[in-house]
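Thanks for passing this one along. Here are my notes, set out as numbered points to read alongside the model.

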Amino acid sequence: SKITLTVIKADVGGFVGHTDVHPELLEIAKKHLKEKGKMLIDFHVTRVGDDIELIMTHREGVDSEKVHKLAWDVFWICSEKAKELKLYGAGQDLLKDSFSGNIKGLGPGVAEMEFEERKSEPVIIFMADKTEPGAWNLPLYKMFADPFNTVGLVIDPNMHQGFKFEVYDMIGHKKIIFETPEDIYDMLVFIGATGRHSIRKVYTKNNEIAAVSSTQRMNFMAGKYIGKDDPVLIVRCQNGLPAIGEALEPFANSYLVTGWMRGSHNGPMIPVSLEDAVPTRFDGPPRVCALGFQLAEGKLIGPQDFFKDVAFDNAREKALEMADYIRKMGPFEPHRLPLEELEYTTLPHVVEKLQGRWKEE
Ligand code: F6R
Ligand code: MG
Ligand code: MG
């Protein structure tokens, strides 16, 4: 029978500020999943920056109320502890007071996929902090559609036919399927606009699920878009899918993403080990971790902390140079986001204050 791999993440309070998760919260999460997660085959709890990440396997399928409720309860009791310790922004990602059927839309981010476990099933869980779901567009494109990244597209008969990409318009609330390589120029028109369009799923041409991101609908609340924080991504690998090294390769060159300080800046994405996933400089720069697991009848064998590899040192060094460079621009675009995209804005305030001082011309 099929296995479901579910990753659910939330920030329920930072230690200190927005940099990390307090270890007691992680202990509480593990204990709760162990005691109450009878429907799970296995689980792994970790954190990247200020986000708690619950990696779970089960046979309940995607959108399982039982599994989503379990994750909600974990975040809820963790946020109680966060309040007790007066951690920063305690409960911040729990936007509602109670659970109602599905955790999507309640604040936490979700990526999950159901599949027949293969003879051997290597998967990577990518987890980012201080950025948005569109940050996965460039690496997903490279993994599944760029032969300069993934040579399997050229020389592996099982990959040569290409893939299908489900792209979601997070603001327009609609989706489209692009076939690659046929549609790549059309697709790039949209996925290059990372603030609005996000690759939600990738399938093989035989409709096998290959990748799922935590892209969800953004809602315009109190004058800003919410629900776009700190995404996760699941990628299945090998044997007709990108090799582990092809899935990691896009991160060997740092690229610019949106997020960082006050969610309002462009800056380099740095691939780091879990140990180094504590963003502090200007609350960043944005970070990505990659944990590898082999599944064995749903058991999570691992993890392997991939970005520990010294082969990513150059990417890190370059990213730091990029950070120095772009930070010098201070509050100027394109380091700071355009006015309409700011997560924090004094604009209405300042406009009001200056009423009467602007003269029509
Ligand atoms: C970015 C982030 C932080 C905060 C910043 C200000 O996603 O979470 O950069 O925006 O630390 O936080 P407040 O306004 O809570 O003091
Ligand atoms: Mg936070
Ligand atoms: Mg975060």
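Where is Val 16 found?

1. A word on backbone geometry to begin with. Val 16 sits in the loop between β1 and α1 (23–36). Please have a look at the bond leading into that residue: the peptide link from Phe 15 to Val 16 is cis, with omega near -5°. Do keep in mind that this is a predicted model. In general, most peptide bonds are trans.

2. A cis peptide bond also joins Gly 302 and Pro 303, and here omega is about 10°. Pro 303 belongs to strand β17, which covers residues 299–305.

3. One more backbone angle is worth your attention. Asp 63 is not a glycine, yet has a positive phi of about 60°. You will find Asp 63 in the loop between β3 and α2. As a rule, most residues other than glycine have a negative phi.

4. Now to the overall layout. The domain assignment splits the protein into domain 1 (1–115) and domain 2 (117–361). The centres of domain 1 and domain 2, taken over C-alpha atoms, are 21 Å apart. Their contact draws on 32 residues from domain 1 and 35 residues from domain 2.

5. How much area is buried between domain 1 and domain 2? The figure is about 2700 Å², and carbon and sulfur atoms give 66% of it. On the domain 1 side, Val 48, Met 113 and Phe 115 together supply 22% of the area buried against domain 2, more than any other three residues.

6. The polar side of this interface deserves a look too. Ten residue pairs are in polar contact across the interface of domain 1 and domain 2. Strands β1 (3–10), β2 (40–48), β3 (51–58) and β4 (109–115) each bring at least two residues to the side of domain 1 that touches domain 2. By type, the residues on that side of domain 1 comprise 13 nonpolar, eight polar and eleven charged.

7. Between domain 1 and domain 2 the count is one salt bridge. Asp 50 and Lys 130 form a salt bridge, with their closest N and O atoms 3.2 Å apart. Lys 130 is also one of the residues around ligand 1.

8. Which residues are around ligand 1? The full set is His 18, Tyr 88, Lys 130, Trp 260, Met 261, Arg 262, Gly 263, Asp 283 and Tyr 344. Three side chains are worth checking on your screen for their distance to the ligand. A side-chain N or O atom of Asp 283 is 2.5 Å from an oxygen atom of ligand 1. For Tyr 88 the corresponding distance to a ligand 1 oxygen is 2.8 Å, and for His 18 the value is 3.5 Å.

9. Finally, salt bridges in general: the count comes to 22. Among them is the pair Asp 73 and Lys 69, whose side chains meet with an N to O distance of 2.9 Å. Why are Asp 73 and Lys 69 separated by about one helical turn? They are four residues apart in helix α2 (residues 65–84), so about one turn of that helix lies between them.

Note on methods:
Residues are numbered from 1 along each chain as its sequence is written. Chains are lettered from A and ligands numbered from 1 in the order in which they are written. This is a predicted model: local features need pLDDT of at least 70, side-chain atom pairs count only at pLDDT 80 or more; totals for chains, interfaces and linings use all residues. Side-chain values use heavy atoms; hydrogens and water are left out. Domain bounds come from an automatic or database domain assignment. Contact means heavy atoms within 4.5 Å. Buried area is the accessible area (1.4 Å probe) that two parts lose on being put together, summed over both. A salt bridge is a side-chain nitrogen of Lys or Arg within 4 Å of a carboxyl oxygen of Asp or Glu. A polar contact is a pair of N or O atoms within 3.5 Å; within protein, one must be able to donate a hydrogen and the other to accept it, and residues adjacent in sequence count only if both atoms are side-chain atoms. Ala, Val, Leu, Ile, Met, Phe, Trp, Tyr, Cys and Pro count as nonpolar, Asp, Glu, Lys and Arg as charged, and the others, Gly among them, as polar. A residue is near a molecule or strand if one of its heavy atoms lies within 4 Å of it.
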